[in-house]
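User: I have a two-chain model on the bench screen. Please walk me through some of its packing.

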Amino acid sequence: MTAIDDPSVFLDDASEAEWALLHDQFDLADGFWLGFLFSDGWTAPRVMAGRAAGKLRGKGHRLREWRFDGTKPDEVLSELVSAAKEGTHDCLWVEALSREASPAWGEFLMRANERREVFARYHRGGLVLVAPRATKVLAQERSPDLWAFRSIVVELVAPPPTSTGEGDDARPEREGGQSPNKAESGERFEAAYQWTMQSVNDSIRAERIDAARVLLLRLMALARTEQTPRAWVARAWARLAECEQRQGDASAAIDHYQNALRDCSEVDVSVAPTWSSEVYWAVNGPTRSTQERWRSQQERLNSSDALTEGAEFRRCATCPSASTGWR
Amino acid sequence: MTPAEVTEFRTTFFRRLTLGPLEPTDPQYVPLYELEELRNDDPVELLRFAIDTNPTPTAQLVSGFRGTGKSTELRRLRKVLRDSGHTVLLCDIEDYLNTGQALDPVDFLYAFVLAVSGAAVESVGDDPLREGYLTRLKNFLTRTQVEAPELTAGVKATGDVGAVKAEATAGLKLVLKDNPSFKERARDRWKGSLGSLAAEAHAYIRELAATLTKGSDPKRRVVIIIDSIEHIQGTLDDAAKVQASIEKMFTVHSDLLHFPGVDTVYTVHPYLKIKYANIDDFFPFGGLQIIPTLKVRERGDPTKPGELGAPRKNALDAIARVVEQRGDWWHLLGSGDEGRERLDTLILASGGHLRDLIRLLAEIVRRTRDLPATPAVFDAAVNHVRNQALPIADDDAEWLAEIARSHTTCLPSENKVPSLARFLDTHRVLCYRNGNEWFDVHPLIRAAVLEQAAAVKARKAQAKAT
């Protein structure tokens, strides 16, 4: 099981709101912070792990993940303590979401409570414990000191099942997350596009970037069809990337700019590489990984025949490159 | 404010809403006990007075609830005593003992010796090797016939003084914590002769104290503060056993805790006072001082459980100063009377529990995109923090409702002490002082508790009727 990097996987509204809080925690916190993420399904935590990893990449840090299967909490804690002592700004993400994990969480939390000073003293980033919701009481009672130092608690409430007759094993995969490919078919994207983009433009003009980002995330979660104009999709991706860029979430911005390029052959490639690399480096500094990533993207762009076709973006008065000063 | 200014304020204020203890010299520290109404109950002053006025060394207890400023006040005690010329060693016993296990007197004596030695090594300005602290400790362990290979690293360490100190103290912390065989050997060696080990430990500490005060005014004392004993707790399964071991330590074995030649202050869990009303008898010349939660409301009338006591303006003003030291809160909550009213609402919702108040403020900062925060954001943040303390089990709700009504612990039996300790640890119950201590359910969950308890009562009545 790995973090879900696929940006086409979106969360339901409630989970999206919780992600917004966790997202801001990464921006606001300075030094060690402790988060609890309680969830009964695994999809939303995986999506959040993927997004968190992207966000941290943009800052030059990492998301380091541990999972225990209910039998080895001691080993995980030992590794975690060693990682904390490295004194990095990475986010240490410990996840065990199976029902069988509860007894192990009890043991883990009690031991982690004893070692909390190690985290507070050495670690400079986040420590996020991802557990079933039933573990919340356990966290308070087995690790009262750790609980007392929590900076953020994210609770993902699973929506009620939409159909009956499925086993328990199938249910968690749907909870908290939805893929447009699996979502209800139809033309919901087309129906929502015009007014959403208008609202997004209004929000961006009013400097309400976060609101614009949420609107775009919701839009991109809607079902699309073969007939959905790809330029619309690309424009929405690019607008989302712009919001992320302005919020300092450069890694997510790059991913979504790439999606924009992928989804629309009309993009003006002679412009695109310049704006994004400059902004990206201005925000994050020219780290080796970002340089390499950018170089690789440029090579892909330059070798793509599709990028020389069409000109809708160049013609469009409200196209991203025209309206945001990417040049 | 421009969006950039909003972001700047959110980031700066959020980062100042830290949860850890403060030094009294920290600009964010507010001397709450200078308030007229709190001055007579200042635990630091009471502890200092006992030390300064007793001709013989004292042993005292101090207790506080998580997040009410206990560790901060201990740091103030250290400063006050040092300013008076005393030598103060502040030791965190948690660095030396596993806090998830029952407290064995043999373990505790060794942990005490190791912790004090570690603090001495850290506090002296000179090379600890030259001062011979570690050699003496090694001799103590040899004398008490328990070897500790972990110490070798420290004794052999070379390099600059800082490196030697760091290596030596790291070694000391490993002796008991990560070495089950040491504990086994020690317990085996001193089985049935605890008094002899205590005599050795007392002699060692007295000698160490004499070294630390060599050549100074004889009125200057050595004060050892042992922090975090209240963190020793078992799991849900063995909580009663662990608590019994602590009670035994501070009652039956209390003589072990009176070290000759040094004044000692131990932090203990508040339930010790609740269960042993006469605990002061075991620690004369000081007894147990409780750091209460700052009282933001008067005690409600027990005959009117639905009514809250009146807000206390002085306390609200004092806590507002605490918040002000963290940042310009009026940007977040609004200026003028309206903003102050919102701040008071938060203070009252926190029940005077400072850490909870900081958490509420941080939650608003995290959620808001506008300044001041909208009522919707304000309410969402308060609800979010409230939900963190929920759900509550039905039987807990019934007990908590009784506490809310009577303002006493309503402890039904001694075997329920672990449950009461759990309430106190998780702030579901807060302790205040009006001369005597009194208790109340945390304001954030009070309504939910009363509602749930009423529902349980109704269900029970219905079941009985059918």
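User: Which strands and helices of chain A do the buried residues of H3(A) pack against?
Analyst: This is a predicted model. In H3(A), the buried residues are Pro73(A), Leu77(A), Leu80(A) and Ala84(A). Their packing partners in chain A are strand S3 (63-67), strand S4 (91-95), helix H4 (102-114) and helix H5 (116-122).

User: Do the buried residues of H3(A) line one face, and within what arc do they fall?
Analyst: An α-helix has 3.6 residues a turn, so residues three or four places apart point the same way. The face of H3(A) turned away from the buried side carries exposed Glu75(A) and Ser82(A). Viewed down the axis of H3(A), the buried residues line one face because they fall within an arc of 60°.

User: How far apart are the end C-alpha atoms of helix H3 (residues 73-85) of chain A?
Analyst: H3(A) has 13 residues. At 1.5 Å a residue they should span 18 Å, which agrees with the end C-alpha distance of 18 Å.

User: Is H5(B) roughly parallel or antiparallel to H7(B)?
Analyst: The axes of helix H5 (residues 105-123) and helix H7 (residues 133-143) of chain B come within 10 Å. They cross at roughly 170°. Over 145 degrees counts as roughly antiparallel. Therefore H5(B) and H7(B) are roughly antiparallel.

User: How many residues of the contact of H5(B) with H7(B) are nonpolar?
Analyst: H5(B) brings Val113(B), Ser117(B), Ala120(B) and Val121(B). H7(B) brings Tyr133(B), Leu134(B), Leu137(B) and Phe140(B). One residue of this contact is polar and none is charged; the nonpolar count is seven.

Notes. Residues are numbered from 1 along each chain as its sequence is written. Chains are lettered from A and ligands numbered from 1 in the order in which they are written. This is a predicted model: local features need pLDDT of at least 70, side-chain atom pairs count only at pLDDT 80 or more; totals for chains, interfaces and linings use all residues. Axes are lines fitted to C-alpha atoms, for helices over the stretch in contact, and angles run from 0 to 180 degrees between N-to-C directions. Helices (H or I, at least four residues) and strands (E, at least two) are DSSP runs, numbered from the N terminus. Angles under 35 degrees count as roughly parallel, over 145 as roughly antiparallel, 65 to 115 as roughly perpendicular and the rest as oblique. Two residues are in contact if their C-beta atoms, placed from the backbone, lie within 7 Å. Ala, Val, Leu, Ile, Met, Phe, Trp, Tyr, Cys and Pro count as nonpolar, Asp, Glu, Lys and Arg as charged, and the others, Gly among them, as polar. The expected span of a helix is 1.5 Å times one less than its number of residues. A residue is buried if 20 or more other C-beta atoms lie within 10 Å of its own, exposed if 12 or fewer, and partly exposed in between; C-beta atoms are placed from the backbone. The arc is that of the directions from the helix axis to the C-beta atoms.
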